[in-house]
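Please open the model in your viewer and keep the sequence panel beside it. The tour goes from one selection to the next, with a short account of what is found at each stop.

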Amino acid sequence: MGALTADCPQFREITFVIIDFEGTTPRGYPPQPIEVAALALSFRAAGGWERIGVFESLMRPPAFAPITPLGTRQTGITAEMVAGAPAAGEALAALDARLTAGPYLLVAHHASIESGMIFRHREACPVMAATDLIDTIRLAKYLLPDLGNYRLDTLLAHYKIPRPADRHRAMADVKVTAEVFGRLIDDADATGAFKSLSALKETAGCRAKATEPAQSGLF
């Protein structure tokens, strides 16, 4: 342990919720979620990371955003698999209902994608919509400045984390993102990069879109 995990009580008070969406990208619309997974972890001074909870659900996309053959080749998710799944709002409300013991920070790889998905369904998931995020890409760029790129597969190779056979399914990606996040925190401790949770958030954080000030019209 280092300055962040050993000496920052705020870090140990936070539950980090690693989250990932799989989605479709319909022409003329923002990405639409078809699967979500989340893994809640807290750092305990004596025993390291502790799993608090886990959630996953397929989601039925709207009619304008069907799953394409290309999407199925990438994720393994077919139209038949999601036909009887809950709509996105219903699935995200079920996940949100489990977030009752904060404070929380969401953690995602390329967090702007997850942030956008959550914001567009903010009425169904108000807790998540008001929760800030840590972006593992931003964190990795700060801690590993000489890495060629910051794709998740590149970070898995860097840390010698096995690439899961079902890579691009939400839960598989959540699990390896959690491993990458843990290794990045280890690196931060080893180098003394962060003395506090606020310093971590300043470097790698993304503000929840739902908490950003609304812009009034210019005219």
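Begin by selecting Lys160, which counts as exposed because its relative accessibility is 71%. Bear in mind throughout that this is a predicted model. Lys160 has its place in the loop between α9 and α10, and its phi is near 55 degrees, a positive value in a residue other than glycine. Stay in the loop between α9 and α10 and select His168, which lies there too; the phi of His168 is near 85 degrees, again a positive value in a residue other than glycine. Such places merit a look, because most residues other than glycine have a negative phi, and most peptide bonds are trans.

The next stop concerns a peptide bond. Select Gly102 and Pro103: the bond from Gly102 to Pro103 is cis, with omega near 10 degrees. Pro103 is found in the loop between α5 and β4.

From that loop, go back to helix α5, which covers residues 88-96, and colour its buried residues, namely Ala88, Ala91, Leu92, Leu95 and Asp96. Looking down the axis of α5, you will find these buried residues within an arc of 140 degrees, so they line one face of the helix. If you now show the surroundings, what covers the buried residues of α5 includes the strands β1 (15-24), β2 (32-44) and β3 (48-58), together with the helix α7 (126-129).

Within helix α7, select Met128, which counts as buried because its relative accessibility is 1%. Leaving aside residues up to four places away in sequence, Met128 touches Ile19, Leu92, Leu95, Asp96, Leu99, Leu106 and Ile118. Add Leu105 to the selection as well: Met128 and Leu105 are 23 residues apart in sequence, and their C-alpha atoms are 8.9 Å apart in space.

One of the contacts of Met128 is Ile118, and Ile118 leads on to helix α6 (residues 111-120), whose buried residues are Ala111, Glu114, Ser115, Gly116, Met117 and Ile118. What covers the buried residues of α6 includes β1, β2, β4 (104-108), α7, β5 (133-135) and β6 (205-206). Then select Phe119 and Arg122, where the charged end of Arg122 sits over the ring of Phe119, 3.9 Å from the ring centre.

Now turn to the nonpolar interior. Which residues touch the most other members of the largest nonpolar core? Of the 39 residues in this core, they are Phe11, Phe16, Leu139, Leu144, Leu184, Leu197 and Leu200. At least two residues of the core are supplied by each of β1, β2, β4, α8 (136-143), α9 (152-158), α10 (170-191) and α11 (197-204), and the largest share, 10 residues, comes from α10. To examine one member, select Leu197, which touches Leu4, Cys8, Gln10, Phe11, Ile14, Phe16 and Leu105, not counting residues up to four places away in sequence. Apart from the largest core lies another, of 24 residues, among them Ile19, Ala91, Leu92 and Met128.

For the aromatic rings, show the side chains of Phe, Tyr and Trp: a search of the whole structure finds 9 aromatic pairs. Phe11 and Phe16 form one that is tilted, with 5.1 Å from centre to centre and 45 degrees between the planes; both Phe11 and Phe16 are buried. In another pair, the ring centres of Phe43 and Trp49 are 5.2 Å apart and the planes stand at 85 degrees, so this pair is edge-to-face. Phe43 counts as buried because its relative accessibility is 7%, whereas Trp49, at 28% relative accessibility, counts as partly exposed. Select Phe181 along with Phe11, Phe16, Phe43 and Trp49 to see the cluster into which ring pairs link these residues.

The last stop is at two cysteines. How many disulfides does the model contain? The count comes to 0 disulfides. Cys125 is in no disulfide, and the nearest cysteine sulfur, that of Cys206, is 16 Å away; likewise, Cys206 is in no disulfide, with the sulfur of Cys125 as its nearest cysteine sulfur. Cys125 is buried, with a relative accessible area of 0%, and Cys206 is buried as well, with a relative accessible area of 13%.

Notes: Residues numbered from 1 in each chain as written. Predicted model: local features only at pLDDT ≥ 70, side-chain atom pairs only at ≥ 80, totals over all residues. Heavy atoms only, no water. Buried < 20%, exposed > 50% of the residue type's maximum accessible area, 1.4 Å probe, protein only. Helix = DSSP H or I, 4+ residues; strand = E, 2+ residues; numbered from the N terminus. Arc of directions from axis to C-beta. Contact = heavy atoms within 4.5 Å. Phe/Tyr/Trp six-rings, centres within 6.5 Å; stacked < 30°, edge-to-face > 60°. Lys NZ or Arg CZ within 6 Å of the ring centre and 35° of its normal. Core = buried A, V, L, I, M, F, W, Y, C linked by side-chain atoms within 4.5 Å. Disulfide = S-S within 2.5 Å.
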